[in-house]
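Here is a friendly tour of one protein model, taken piece by piece. Have the sequence and the 3D view at hand, and follow along.

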Amino acid sequence: MPRTALNSVFSCAWCGRTTSAVADDGTRRGHCPSCLQSQHVLDPVEGGSSDCRGRMSPIAVAVPRTGDWMVIHRCVRCDELASSPTRADDNQLVLMRLAVRPLAQPPFPLEAFGDR
């Protein structure tokens, strides 16, 4: 997602959807609400801009103690991780796919819990 003014729109480089750079609650979007992809424009460690500009793919969701969901992204170019809060108009199906992936593809058989 390119850097834009708060009242502008952007076109997702991955899915092509054009959407407002500002969510319904007035906050700046960190990812496309349709496919949850973003662009590596910020450096979460340094706090400034990033020169990478790689595609940030959603890999998981995290739920901090506040209860608000965060989308975890990994840059396909440099492997840096970043997070951005979910918004009310984010694609709920994509969010749920990310949330249930660990249960749908566990690293061990879930039947092991039934024997204890």
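## A hairpin to start with

Let us begin with one pair of residues: Val 71 has Ser 84 as its bridge partner in strand S6. The model is a predicted one, in which local features need pLDDT of at least 70 and side-chain atom pairs count only at pLDDT 80 or more, while totals for chains, interfaces and linings use all residues. Residues are numbered from 1 along each chain as its sequence is written, and side-chain values use heavy atoms, with hydrogens and water left out.

Strand S6 covers residues 81–85 and pairs with S5 in the antiparallel sense, over five bridges; two strands count as paired if DSSP finds at least two bridges between them. Another of the contacts between these strands sets Arg 74 against its bridge partner Leu 81 in S6. S5 and S6 make a hairpin with five residues between them, and Asp 79 sits in the turn.

## The sheet as a whole

Which strands make up the open sheet, and in what order? There are four, arranged S3-S4-S5-S6 with antiparallel pairing. S3 and S6 are the edge strands, each pairing on one side only.

Moving through the sheet, S3 is joined to S4 by two bridges, and the two run antiparallel. S4 (residues 55–62) is in turn joined to S5 (residues 70–75) by six bridges, again antiparallel. Met 56 is a good residue to look for here: Ser 38 stands opposite Met 56 in S4, and the bridge partner of Met 56 in S5 is Cys 75.

## The overall layout

Stepping back, the protein has one helix and six strands. Helices here are DSSP runs of H or I with at least four residues, strands are runs of E with at least two, and both are numbered from the N terminus. Read from that end, the elements run β-β-β-β-β-β-α.

Of the 116 residues, 29% count as buried; buried means under 20% relative accessible area, exposed over 50%, and partly exposed in between, using a 1.4 Å probe and protein chains only. The protein exposes about 7,500 Å², with carbon and sulfur atoms supplying 53% of it. These areas come from the Shrake-Rupley method with a 1.4 Å probe, and for residues only the protein chains shown count as cover. Among contacts between residues at least 6 apart in sequence, 35% join residues at least 24 apart, where a contact means heavy atoms within 4.5 Å.

## Two salt bridges between loops

How many salt bridges does a search of the whole structure find? The search finds two, taking a salt bridge to be a side-chain nitrogen of Lys or Arg within 4 Å of a carboxyl oxygen of Asp or Glu. In one, the side chains of Asp 25 and Arg 87 meet at 4.0 Å, N to O. This pair links distant parts of the chain, with Asp 25 in the loop between S2 (18–20) and S3 (38–39) and Arg 87 in the loop between S6 and H1 (92–104), 62 residues apart. Asp 25 is exposed, at 53% relative accessible area, whereas Arg 87 is buried, at 17%.

In the other, Asp 89 meets Arg 29, and their closest N and O atoms are 2.6 Å apart. Asp 89 lies in the loop between S6 and H1 and Arg 29 in the loop between S2 and S3, so the pair ties together parts that are 60 residues apart in sequence. Asp 89 is partly exposed, with 28% relative accessibility, while Arg 29 is buried, with 5%.

## Positive phi angles

Most residues other than glycine have a negative phi. Leu 36, which is not a glycine, has a positive phi of about 70°. Leu 36 is placed in the loop between S2 and S3 and is buried, with a relative accessible area of 0%.

Asp 79, met earlier in the hairpin turn, is also a residue other than glycine with a positive phi, near 65°. Is this residue of the S5–S6 loop buried or exposed? Asp 79 is exposed, with a relative accessible area of 53%.

## A charge over a ring

One last stop is Trp 14: the charged end of Arg 55 sits over the Trp 14 ring, 4.0 Å from its centre. The criterion is that NZ of Lys or CZ of Arg lies within 6 Å of the ring centre and within 35 degrees of the ring normal.
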